[in-house]
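Here's a quick tour of how the strands and helices in this one fit together. Have the structure open and follow along.

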Amino acid sequence: MTRPPVRWSHLRHMARSPAHYKYNLDTPFQPTPAMVMGSLVHELVLSGGRDKFAVFEGERRAGKEWEAFKSSVEPGTTIVKASEWDEAEMIAEAVLHHPAAVDAIDNGQREVGLSWTIAGRECHGTPDVLGLSLADLKVTNDASPDRFTWHARKMGWLGQLAWYYEAARQTQPILPNRVSIVAVESSAPYVVTVFDL
């Protein structure tokens with residue numbers, strides 16, 4: 001049996017226990033509303049469009065209008081409410097108008113899939129930005145330096161960037177000279193803080 005490549009989204013659970021790692025490896029992924037918002041902001045900031053999302057303009061997710069809309073959407077597309085889309089646009093605008101965030105995001109290619117090996121195991125990952133800069137965009141409830149660093153450790157984001165840096169070391173002709181997390185708050189006034197690691 002072929003083993004799938006190791007991905008950080010699963011591997012980070014090993015910090016808690018091997019049982020949690022295996023459970024997350026074997027259980028179908030169900031994104032939380034916060035994860036959907038993060039993915040939506042990523043799409044707007046890094047891709048500039050709505051390729052992976054469909055916006056439902058209706059009032060509630062039930063009834064004939066909802067069922068008709070659901071059946072018209074391509075498989076694999078995430079459906080979001082108009083209010084979620086509007087909020088994501090405001091969050092994305094905050095990032096795109098922040099000079100330090102733009103500097104981190106514009107110094108490399110966006111969302112390039114990488115494959116490499118560690119101890120003979122195939123690994124895979126897709127950093128948000130890789131080039132002169134290695135950067136990841138994170139949507140959070142608090143981007144202040146004292147609170148965000150706690151959240152980043154809890155979520156394993158520092159390990160994720162080390163994971164991507166190892167991928168860059170093995171696959172790229174030039175190593176990034178800057179490693180950053182671009183953190184943006186999920187509610188107004190959508191504060192953006194860039195953390196250089």
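**The five-stranded sheet**

This is a predicted model. Its five strands line up as an open sheet with mixed pairing, in the order β4-β7-β8-β9-β10. At the edges you'll find β4 (108-110) and β10 (192-196), each with a single partner strand, so one side of each has no neighbour in the sheet. On average, neighbouring strands here are turned by 20° against each other, direction ignored.

**Inside the sheet**

- Strand β8 (residues 133-140) runs parallel to strand β9 (residues 178-185), and eight bridges link the pair.
- To find your place in that pairing, look for Lys-138, which sits opposite Ala-183 in β9.

**Helices on the sheet**

- Helix α5 (residues 82-96) packs on the sheet and touches β8, β9 and β10. The direction of α5 makes about 140° with that of β9.
- Helix α8 (residues 157-171) lies across β7 (129-131), β8 and β9. Relative to β8, α8 runs at about 155°.

**The β1, β5 and β6 pairings**

- Strand β5 (residues 114-118) pairs with β6 in the antiparallel sense, over five bridges.
- Ile-118 stands opposite Arg-121 of β6.
- The hairpin of β5 and β6 has two residues between the strands, and Ala-119 takes a positive phi near 55° in that hairpin.
- Strand β6 (residues 121-125) also joins strand β1 (residues 6-7), this time in parallel, through two bridges.
- For Val-6, the bridge partner in β6 is Cys-123.

Key: Residues are numbered from 1 along each chain as its sequence is written. This is a predicted model: local features need pLDDT of at least 70, side-chain atom pairs count only at pLDDT 80 or more; totals for chains, interfaces and linings use all residues. Side-chain values use heavy atoms; hydrogens and water are left out. Two strands pair if DSSP finds at least two bridges between them. Helices (H or I, at least four residues) and strands (E, at least two) are DSSP runs, numbered from the N terminus. Axes are lines fitted to C-alpha atoms, for helices over the stretch in contact, and angles run from 0 to 180 degrees between N-to-C directions. Contact means heavy atoms within 4.5 Å.
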